[in-house]
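Reader: Please take a close look at one strand that lies inside this structure, and then at the parts of the chain around other packed side chains and empty spaces. Work through it in order, and keep to what the model shows.

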Amino acid sequence: MSSRMLIIILTTLLFLSSTTAATTENIDKREISSNYIATPSFDIESGLSKKNVDALAAYSFDSNIQYNNTSIPFDVSQTRLEKSTRIISSFGERKIGSKNAAEASLFIKDEMEKAGLQVSLDNFSARVRTRDFNYWNVSGTDVVGIKEGKALKDEIILITAHYDSRIIVPPESGLKDIFDSEIRKPYLWPVWSDTYVCESANGTGADDNAGGVACMLELERVLQNESFDRTIYFIAFSGEEYNLLGSQAWVEAHPELKNNIVAVINVDSIGNEPLYVDYLPQHTWLKTIFENEAKNSGIRIQSLVPDYSNFIHPLIGGDHEIFWENDIPAVAICHHNDRNFHKLSDTVDNIDFSVVRNASVLTAKSLIYLASPDENQAPFVNISNSKASGASFELFYNVSDPEATIDIFFDNQSMGNLQSGRNFSLPEGKHTIKVLATDLYGNRGSDSINTVNEEKQNRSFETPGQEEKYCGNYIIGYSKNFVDSNRTLYFYLDDFGPLYPGNLLILTPGSHNLKIWSENESKVLDMKNETFEFTKYSIENIDIENSVADRKNPLIFISGVFVSLTVIAFYGKRIKRKLLNLKDSKDE
């Protein structure tokens, strides 16, 4: 192959790479249609499947529910839930920043306004890193509707659901798919990747999460004429499918609300059974509310503490995890059946709307319980000892409500539910210990003390012979391999502990040191020591400018290197010949 031909081929490859990147970015910059209300080709009243019509008729608690010593009548309609789900699904794949997402956000805004909420569109911009280390500038919109409370209006309950969607499909035939116009990939390299984002297939994302948004819209409608003590925020997040961008942007934009948020209920994928309530042990009180309401309503539900024991990636389960990171109580109502997640098969036909209605009724009743609590007196908390004895500290505290959930904070790091009377080791220096108690109405009471330890800890242990993974980048769980063994485990986070296995901790940003002490039957101690850096999701607020220039596509870089080398090789002989001729002429 001649040098000229090689240059032509590489230049063409470079041009195609740039064009592909530009085409992918321009998908997200199409003009928003002014006529955003999509009408599905479906007769809402006559098009319901017989199974769902029968299920709807079987419910006996549609209205006039007696609650909290007040009459709160509401009728969650399965027909309306299906209608809203179909409309949102009809916009197609709602990738953050796309025309479809923008049209869906306007539909949600319009429905919120019909429900009498104070509505705003919270725009944000971010830099997203794709799986092949490309960078993609994107803008998104969170839709926020506020129902202002009365007596406790400064206290906030959040109902959230993400409206974006994402379809991932495998390539059909390797290299051929590079130029396949049916599958528009956000990158070309590496071409052997096992999955691609499918743009043109236009999946509906019905269960994940049009149904969750439909639930939120239905709650707004059925409760629009009711007044509540606490303020309710209904938020439809964008960018959940890309590292929880929308919820992260909203939390970072409203730091003044953090201490006012009593609870977050995140509705995500509720179209199949079994229904779960995902929670942290620190938020048991909130999980208990759902369990009680489910029992009273005859709705089947399971409670689940996520198993992150071998988790090595950032938390990516849902928007509720952003609130967990910020020590804001949150639960997710969802199912864990992933057979249709991020697939073209995630359609309305694969949703059981009787389950969607169950989830909606349960969320509504839990919301009513929280929004107008029967009691608003915070639990009384008192830490009875205020001094540390060297490196040892015995924590004693009293709480007026024995059913309150306890969360201990050490230097602003949540340590979970640690019982009074526990003896702890303290690292050298000044420290703050806080005891937070939350009752079953979301009322919070706390007490804090400052303490100083001037002693150094000097104790050595043998290193275990086997390697175990005890922590991920974001959480600390426990190794399953040790649960059934004869060893007893103790955690020490930044020299504070011991913390027993089962404490699910979400770390504060910064450098942390984790020590795991294991004691065998012979009382022999081993110690594993691991230091790691933890940083939350990085969301870089930017202005959307030249998408092609900003995109760090490896294929573009590699092509550029090859072009440069080829040019050097092609002209190298000429340059060398000219230099030799110049030298010969000087010698003469």
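Author: A residue counts as buried when its relative accessible area is under 20%, as exposed when over 50%, and as partly exposed in between. The model is predicted.

With that cut-off, take strand β8, residues 230-237. Eight of its eight residues are buried, so β8 is largely enclosed by the rest of the structure. The side chains of β8 point two ways: Arg230, Ile232, Phe234 and Ala236 go to one side, and Thr231, Tyr233, Ile235 and Phe237 to the other. Residues on both sides are buried, Arg230 among them. Strand β5, residues 152-162, is joined to β8 by eight bridges, and the two run parallel. One of these contacts is between histidine 162 and its bridge partner in β8, phenylalanine 237.

Two contacts may be added here. Arginine 166 lies over the face of tyrosine 242, 4.4 Å from the ring centre. Serine 165 has its C-alpha atom 7.6 Å from that of histidine 342, although 177 residues separate the two along the chain. Histidine 342 belongs to the loop between β12 (330-334) and α9 (353-371). With a relative accessible area of 25%, histidine 342 is above the 20% cut-off and therefore partly exposed.

Next come the enclosed spaces. Rolling a probe the size of a water molecule over the atoms shows where empty space is left. In this model there are two cavities of 30 Å³ or more, and the largest has a volume of about 50 Å³. The lining of the largest cavity includes Asp207, Asn272, His335, Asn337, Arg339 and Asn340. Phe341, Ser345, Asp346, Thr347, Asn350 and Ile351 also line the largest cavity.

Helix α7 offers a check on geometry. It covers residues 284-297, and at 1.5 Å a residue its 14 residues should span 20 Å; the end C-alpha atoms are 20 Å apart, which agrees. The buried residues of α7 are Trp285, Leu286, Lys287, Thr288, Ile289, Phe290, Glu293, Ala294 and Ser297. An α-helix has 3.6 residues a turn, so residues three or four places apart point the same way. In the list for α7, Phe290, Glu293 and Ser297 are among the buried positions. After α7 comes glycine 298, whose phi is positive, near 70 degrees.

Further along the chain is an open sheet of four strands, ordered β17-β16-β19-β20, with antiparallel pairing. Its edge strands are β17 (413-414) and β20 (444-453), each of which pairs on one side only. Strand β19, residues 429-438, is joined to β20 by ten bridges, and the two run antiparallel. Within that pairing, isoleucine 433 has isoleucine 449 of β20 as its bridge partner.

Strand β16 of this sheet leads to the aromatic contacts. Six aromatic pairs are found in the whole structure. In one of them, phenylalanine 410 and phenylalanine 496 are stacked, 4.2 Å centre to centre with 20 degrees between the planes. Phenylalanine 410 lies in β16 (residues 405-410) and phenylalanine 496 in β23 (residues 496-499), so this pair ties together parts 86 residues apart in sequence. Phenylalanine 410 is buried, because its relative accessible area of 5% falls under 20%. Phenylalanine 496, at 1% relative accessibility, also counts as buried. A second stacked pair involves phenylalanine 424 and phenylalanine 496: the ring centres are 5.0 Å apart and the planes at 15 degrees. That pair links β18 (residues 422-425), which holds phenylalanine 424, to β23 over 72 residues, and both phenylalanine 424 and phenylalanine 496 are buried. Ring pairs thus join Phe410, Phe424 and Phe496 into a cluster.

Where does the charged end of lysine 434 sit? It sits over the ring of phenylalanine 409, 5.5 Å from its centre. Both residues appear again in the second largest pocket, which has a volume of about 500 Å³. Of the 27 residues that line this pocket, those closest to its centre are Asn326, Asp327, Phe409, Lys434 and Leu436. Strands β16, β19 and β20 each supply at least two residues of that lining. The most comes from β19, with five residues.

Note on methods: Residues numbered from 1 in each chain as written. Predicted model: local features only at pLDDT ≥ 70, side-chain atom pairs only at ≥ 80, totals over all residues. Heavy atoms only, no water. Pairing = 2+ DSSP bridges. Expected span 1.5 Å × (residues − 1). Buried < 20%, exposed > 50% of the residue type's maximum accessible area, 1.4 Å probe, protein only. Phe/Tyr/Trp six-rings, centres within 6.5 Å; stacked < 30°, edge-to-face > 60°. Lys NZ or Arg CZ within 6 Å of the ring centre and 35° of its normal. 1 Å grid on protein atoms, 1.4 Å probe; cavity = no way out; pocket = protein on both sides within 12 Å on 5 of 7 lines; lining within 4 Å. Points joined across faces, edges and corners; volume = space filled by probe spheres on them.
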